[in-house]
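Q: Please take a close look at a single part of this structure, the interface, and then place it in its surroundings. I am new to the structure and would welcome a connected explanation.

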2 protein chains.
Amino acid sequence: MIRVEEARARILGSLAPTGPETIPLPEGWGRVLAAPVTARLTQPPADMSAMDGYAVRAADATESAVLRVIGSAPAGHPFAGRVGAGEAVRIFTGAPVPAGADGILLQEDAEADGTAVAVRETVRPGRWIRPAGLDFRAGDVLLHPGKRLTARDLGLAAAANHPWLTVHRQPRIGILATGDEIRLPGEPLPAGGIVSSNAHALAALVRAGGGVPLVLPIAADDADAIAMAADSARSCDLVLTTGGASVGEHDLVQQALGPQGFALDFWKIAMRPGKPLIWGRFGDTPLLGLPGNPVSALVCGVLFLQPALSVLSGLPPAPPALQAAVLTAPLPENDRREDYLRATLERGTEGQLLATPADRQDSSMLRILANCHALIRRLPHAAAAKAGDRVEVLELAPLGL
Amino acid sequence: MIRVEEARARILGSLAPTGPETIPLPEGWGRVLAAPVTARLTQPPADMSAMDGYAVRAADATESAVLRVIGSAPAGHPFAGRVGAGEAVRIFTGAPVPAGADGILLQEDAEADGTAVAVRETVRPGRWIRPAGLDFRAGDVLLHPGKRLTARDLGLAAAANHPWLTVHRQPRIGILATGDEIRLPGEPLPAGGIVSSNAHALAALVRAGGGVPLVLPIAADDADAIAMAADSARSCDLVLTTGGASVGEHDLVQQALGPQGFALDFWKIAMRPGKPLIWGRFGDTPLLGLPGNPVSALVCGVLFLQPALSVLSGLPPAPPALQAAVLTAPLPENDRREDYLRATLERGTEGQLLATPADRQDSSMLRILANCHALIRRLPHAAAAKAGDRVEVLELAPLGL
């Protein structure tokens with residue numbers, strides 16, 4: 001049995017990001033950059049007015065002066081002439097400052113009268129002018145590879161004149177649920193049968209991590225059926241199996257795939273829920289085998305699949321982010337397996353996170369998992385904890401998990 | 001000028017959730033439930049073994065006893081007979097416990113020899129058996145309307161035998177950028193022209209909030225062009241405009257839409273960046289007019305559009321979530337406008353969030369906005385703050401913003 005950290009390091013260390021593809025900018029949200037975004041122009045392209053008012057020569061625009069208005073410069077319609085001594089040009093926010101002018105007389109500090117404008121507040125040189133290149137200059141690297149694109153990033157890439165972006169291809173994850181006893185929702189259910197929840201919960205986890213799920217038909221507990229199904233997922237960036245990973249006689253995944261070229265790295269991990277976890281390579285395709293138990297499958301998905309998706313997507317390798325919380329109930333000492341307890345969270349009066357472990361931690365109880373907010377991590381051999389002690393929690397819903 | 005809280009309350013108070021639609025379960029991730037998910041079966045359907053081992057009568061299975069193995073019950077293949085005195089049935093995790101048995105002899109506590117098995121550890125009645133209905137019972141309401149579905153929720157809905165889900169339709173948001181000076185990325189740019197960043201940054205914001213953006217062609221600063229463009233967005237759940245909202249002569253949105261039946265609610269808000277903010281109704285369609293300035297448009301998008309998308313999507317109305325952080329640099333006292341300062345965040349040695357305001361807060365500087373992590377909220381008339389003081393921050397990247 002290997003430890004959680006080591007298992008994750010071995011998984012992440014053997015994965016490489018997907019290759020690049022070119023996509024239109026509007027499809028870039030949430031995608032990961034594979035090439036830098038470099039400014040293709042200077043922004044603003046010239047000195048611009050930051051306000052509505054009058055472009056003037058500051059030396060002329062002292063309090064009580066009266067200037068002659070020689071034209072107008074709305075945004076998008078630059079004034080072609082030059083502002084001379086005693087002259088002003090009506091200007092609007094975002095319009096280029098005409099040649100000759102070096103200050104903006106604010107609209108509220110001006111009194112217009114036909115073609116003349118009286119100055120009510122002395123203008124300072126450069127005030128209310130955004131100089132060319134204030135935001136960025138042509139050639140500046142604005143966004144770096146390995147960044148998941150936000151709405152702000154897309155605005156910046158658009159402003160830098162990029163109609164296209166080069167991003168990592170979304171990782172394609174084949175999902176294979178195995179088990180004689182499982183059926184899809186809505187299908188006829190045999191005696192003792194269970195409706196399959198893992199494949200579609202894991203598919204949602206793949207979407208949450210920016211991947212594209214490929215849900216394969218359920219394979220019976222039969223080596224040939226499993227081998228055939230897995231074979232059809234060889235073109236994926238990763239194959240995920242669920243079920244068939246335990247120590248019983250029916251742990252067929254390894255037996256089925258061994259003759260097909262499956263090379264095992266490890267298959268037992270010191271954690272709860274989810275001891276049986278297969279990691280290896282099916283030909284060139286990495287294969288992660290999750291337990292069949294729905295809670296174990298999802299918790300292992302959060303701890304191993306999500307970071308794997310990040311690496312495949314082109315992000316830096318990182319464990320799931322843990323936060324500090326305060327226990328509201330005692331916990332017994334832990335054994336040698338790292339434990340992930342289902343817990344609800346609330347905010348205390350000081351704004352601190354309060355974590356309450358669920359009464360039952362049975363790994364078949366999907367309803368408790370769905371209604372909880374977080375997992376409490378208990379390290380191997382952690383001492384007994386009492387109410388008020390600090391623990392580390394992994395919040396799930398904000399990640400869509 | 002009205003305050004931010006009041007503006008948001010007026011916006012949210014006049015919106016209603018979209019109607020329901022039926023979608024296949026695998027498309028449910030991130031969608032908002034419009035009808036309860038009720039269990040269509042009991043889970044587990046019968047008493048199930050939680051482990052691999054032998055189903056036995058606990059009264060017989062005392063240490064050193066030898067039991068006769070009369071059959072096998074893998075998952076999905078229930079044993080049809082009954083376990084009698086001195087008998088055992090080989091059983092696997094997830095298989096129904098045969099009639100007559102009331103305990104599980106764990107595999108590691110058993111010594112099998114042909115058709116006999118020796119007990120090495122006395123079995124307790126009920127131990128390692130998951131009783132029928134442990135997770136949920138037919139008829140239980142498992143998920144309630146108004147919940148954004150996580151991967152765990154989809155697993156639970158699948159386990160409860162739902163191939164379909166009833167969710168709120170994704171709100172469709174028409175986005176209209178106006179301005180003579182703006183062009184789309186990659187298009188020929190006139191002198192003094194600016195590449196349009198707002199429409200696609202806002203479209204990404206709409207996606208991040210679970211909506212579907214409809215980006216309209218850019219409208220020139222011309223009342224007819226604006227009216228015609230807005231008219232084509234009447235079937236949307238909300239129309240978003242950007243630009244043309246300021247106090248200058250070129251604030252055309254109101255003038256253009258007034259004759260088309262636009263009913264204004266308010267259009268000035270006591271905040272920075274983003275004072276001009278239009279809210280009203282264009283016929284039956286709510287209309288939110290954002291400033292043309294890219295930073296102002298995005299900040300107003302975060303503060304008003306995101307909560308509006310939540311309400312349209314069927315979620316409870318709520319302001320954006322703020323967190324406590326510690327300032328690393330002083331801030332001057334604030335005037336009467338609520339201020340949202342761009343800031344970077346890092347973690348201190350105690351795990352606390354440290355917020356550093358950007359040196360320049362000019363609302364045209366998209367690059368600074370993109371590279372920041374959060375907005376610091378400063379309430380109207382907030383007193384000067386020094387390094388070490390507590391502030392409230394709104395973190396952006398985790399929301400995809």
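A: For the rotation described here, the copies are superposed by least squares on the C-alpha atoms of residues with pLDDT of at least 70 in both. This is a predicted model, and what follows is computed from it.

Chain B is superposed on chain A, with an RMSD of 0.1 Å, by a rotation of 180° that has 0.0 Å of shift along its axis. That is the relation of a two-fold axis. Within chain B, the residue that comes closest to this rotation axis is B:Pro398, whose C-alpha lies at 4.0 Å. The copies meet through the same surface, because 100% of the interface residues of chain B are also interface residues in chain A.

To the contact, chain B gives 83 residues and chain A gives 83 residues. The size of an interface is often given as the accessible area lost when the parts come together. Between chain B and chain A about 6,400 Å² is buried, and carbon and sulfur atoms give 59% of that area. On the side of chain B, the residues that lose the most area to chain A are B:Trp29, B:Arg152 and B:Arg367, which together account for 13% of what that side buries.

Charged and polar groups also take part. The rule finds four salt bridges across the interface of chain B and chain A, and A:Asp362 forms a salt bridge with B:Arg130, their closest N and O atoms being 2.9 Å apart. Between chain B and chain A, 24 residue pairs are in polar contact, both residues being at pLDDT 80 or more. Several elements of chain B supply at least two residues each to the side that touches chain A, namely strand S11 (141–143), helix H2 (151–159), strand S15 (194–195), helix H3 and helix H7 (366–371). The largest share of that side comes from H2 of chain B, with eight residues.

One of these elements, H3, leads from the interface into a sheet of chain B. Six strands make up this open sheet of chain B, in the order S16-S13-S17-S21-S20-S18 and with mixed pairing. At its edges stand strand S16 (212–215) and strand S18 (262–268) of chain B, each with a single partner strand, so one side of each is left without a neighbour in the sheet. On average, and with direction ignored, neighbouring strands of this sheet are turned by 20° against each other. Strands of a sheet pair through backbone hydrogen bonds, either parallel or antiparallel. Strand S13 (residues 172–177) and strand S17 (residues 238–242) of chain B run parallel and are joined by five bridges, with B:Ala177 standing opposite B:Thr242 in S17 of chain B.

Two helices of chain B can be placed against this sheet. Helix H1 (residues 4–13) of chain B packs on the sheet and touches S18, strand S20 (276–282) and strand S21 (285–290), while the direction of H1 makes about 160° with that of S18 of chain B. Helix H3 (residues 198–208) of chain B packs on the sheet as well, touching S13, S16, S17 and S21, and the direction of H3 makes about 160° with that of S16 of chain B. H3 of chain B thus appears in both settings, since it touches this sheet and also supplies at least two residues to the side that touches chain A.

Conventions
Residues numbered from 1 in each chain as written. Chains lettered and ligands numbered in written order. Predicted model: local features only at pLDDT ≥ 70, side-chain atom pairs only at ≥ 80, totals over all residues. Heavy atoms only, no water. Contact = heavy atoms within 4.5 Å. Pairing = 2+ DSSP bridges. Helix = DSSP H or I, 4+ residues; strand = E, 2+ residues; numbered from the N terminus. Axes fitted to C-alpha atoms, helices over the stretch in contact; angles between N-to-C directions. Buried area = accessible area lost by both parts, 1.4 Å probe. Salt bridge = Lys/Arg side-chain N within 4 Å of Asp/Glu carboxyl O. Polar contact = N/O pair within 3.5 Å; in protein donor to acceptor, adjacent residues only side chain to side chain.
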